[in-house]
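Let's take a look at how two chains meet, and at a sheet in one of them. Have the picture open while you read.

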Amino acid sequence: MTTTVSTSSDVLAAPSREAIGAVLDPTSRPPAPGALAASVAFGWRALLRFKHMPEQLFDVTAFPLVMTLMFTYLFGGALAGSPREYLQFLLPGILVTSVVMITMYTGVGLNADIGKGIFDRFRTLPIWRPAALVGALYGDILRYLMASLVIVAAGLALGYRPGGGVAGVVAGIGLLVLFAFAFSWVWNLLGLVMRDEKGVTNVSMLLLFPLTFVSNVYVNPDTMPGWLQAVINVNPITHLVAAVRSVMSGESNPGEIWRVLIASAVLTIVFGSLTMRRYDRR
Amino acid sequence: MDEASQGLAIETSGLVKTFGNTRAVDGLDLRIPKGAVYGILGPNGAGKTTAVRMLATLLRPDAGQATVLGYDIVREAQQVRGKLSLTGQYASVDETLTGMENLVLLGRLLGHRRAEARKRADQLLAAFGLTEAAGRQVKKYSGGMRRRLDIAASILNTPEVLFLDEPTTGLDPRSRSQVWEIVRAVVAYGTTVLLTTQYLDEADRLAARIAVIDHGRVIAEGTPGELKSAVGGGTVHLRLRDPGQRAQAETVVSRVLGDVIEDDGDKAALRARVGADADVGADAGCDPAAVEEAGSQAAAERAAHTLSELARAGIAVDAFSLGQPSLDEVFLALTDRPVTRATDARSHQEVPA
């Protein structure tokens, strides 16, 4: 059936040399777009891909929901007396964990994407070099925001009451998304270096599990052995959670916020430039 | 840029690209004139795609240099990108998006505003016979439609240099001839087209000049006519009415044309090359001047002569044809060995060239 359809349209519309000759001279030849316009165009591509593959959004809705429900009810009674009590402590942490976990799809997506011919075309365009990757991250930011909203909504329904109010929650999500954007460059680099999607997934999981679990997400590290506390203290996720927790509870902790901002800048600069070197060398 | 380089679209000297132990491109020298189709002919694994990817700034050469319209492909990569478009061997379009979305996206990436990009996309889709399929995802396109969309994307801002990497590989005959029409239109506009292909007939139909490459080097270069006369007039295929007369027929054919190339299994079918190392080759020891003389006219005459000799010997022939030399025959004539398959490429590496 499909064959018949495409054949008939082929026959009806076989291109003629004249028709093609007539459209060869474009009426206008604008200058190449600037860095922002090019990135925005790639961001639009990411949105179009969501439109055609809505199943991509499953990761950012169902996964965070399961994480929130699971840990609230698994640990709540034992650790804090009740799930509701525990949720006040856990929610910012599980928010950070879920969003940081889904940043890995950046690398998986890039790895799948770059193997196809379309990236050859993008890389031969006279545009700002990082635009294709930055634009894809714009799409990712949307996914991070969606995941955040799902978790906060689920938390509120389960009894989470942030002391920082709407402003605190917005600031917390803002801080998290900023860090996630910066952290995504690690996955971009990995996506370019690794041979296939499976490899990217494996390495990402290997990094993400200790990074999110060996932290202050689930329990206060005070009762842990000293060496483990030392490890937890150098984990950037610990500081991110501390910062997000502080702004969402309304007692903002400038020291932790600064650490997150600096870590984000360093990640973007270091992994962004390593990624672009790799992108140009391929 | 010296005076001799003025009329050149692309110039490479000693271009090298190595992957692991394989020298995919091994000292490539090309001088590609402006405003025509230049064919790069070679088998799988000859280095065609690697060469194109270097020229299109997608790969960095390990040694040697190249310019596209006077710009160095490494130091002035961004200027080179402003001059070229690439239609890769694998569709350089986003299969998830529709045809329309692909062209609008590209239009915006080339600096058009959204409305303009849409208008240009509509124009191109109509000219390429894709209006009906505009709203369909590219992954649902046929191979020919995908290739047309790909080329449409490449000429959205009609480039000065267009790279087409095996544009017709895997296409059905009608889609192939559609791609040829598109290429002719683009060249008529003044664009220089660099076309890689595995098919001699394709290079012959489209290209003003052809470079034959093997193991990453140019092994022959010239106009299609020059190449064909170097290779010989082609191949005579004939079908005997009585396979029992095969031995007799072989004697006659090899007396007139030279060696008979065996056909596998089919006793009634005979195949013989006309030209290079037939008459001339066998006697004159492959003297290049003599080979040059053996043009296609001579080939036709000799083929006709074969036919009449067979008739005189009382051998009935059911079918007879004189075909263009195939890529295999080009290779056989130029390298004295058949087309190297990709699997052989590695073993060849150990043999110093």
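Before we start: two strands count as paired if DSSP finds at least two bridges between them. Keep in mind that this is a predicted model.

Let's begin with the end of a sheet in chain B. Strand β9 (residues 209-214) of chain B is joined to β10(B) by five bridges, and the two run antiparallel. One of the residues to look for is D214(B), whose bridge partner in β10(B) is R217(B).

Now zoom out. This pair belongs to an open sheet of six strands, ordered β6-β7-β8-β3-β9-β10 in chain B, with mixed pairing. Why do β6 (84-87) and β10 (217-222) of chain B each have one side without a neighbour in the sheet? They stand at the edges and have a single partner strand each, so nothing in the sheet flanks that other side. Going from one strand to the next, the twist averages 15°.

A helix comes along too: α6 (residues 173-189) of chain B lies across β3 (37-41), β7 (161-165) and β8 (192-197) of chain B. Relative to β8(B), helix α6(B) runs at about 150°.

Next, where the chains touch. Chain A puts 41 residues into the contact, and chain B puts in 51 residues. On chain A's side, the elements that give two or more residues are α1 (2-12), α2 (17-22), α3 (35-52) and α7 (118-123) of chain A. The largest share, seven residues, comes from α3(A). Here is how chain A's side divides by residue type:

| Type, chain A side | Count |
|---|---|
| Nonpolar | 22 residues |
| Polar | eight residues |
| Charged | 11 residues |

Notes:
Residues numbered from 1 in each chain as written. Chains lettered and ligands numbered in written order. Predicted model: local features only at pLDDT ≥ 70, side-chain atom pairs only at ≥ 80, totals over all residues. Contact = placed C-beta atoms within 7 Å. Helix = DSSP H or I, 4+ residues; strand = E, 2+ residues; numbered from the N terminus. Nonpolar A, V, L, I, M, F, W, Y, C, P; charged D, E, K, R; others polar. Axes fitted to C-alpha atoms, helices over the stretch in contact; angles between N-to-C directions.
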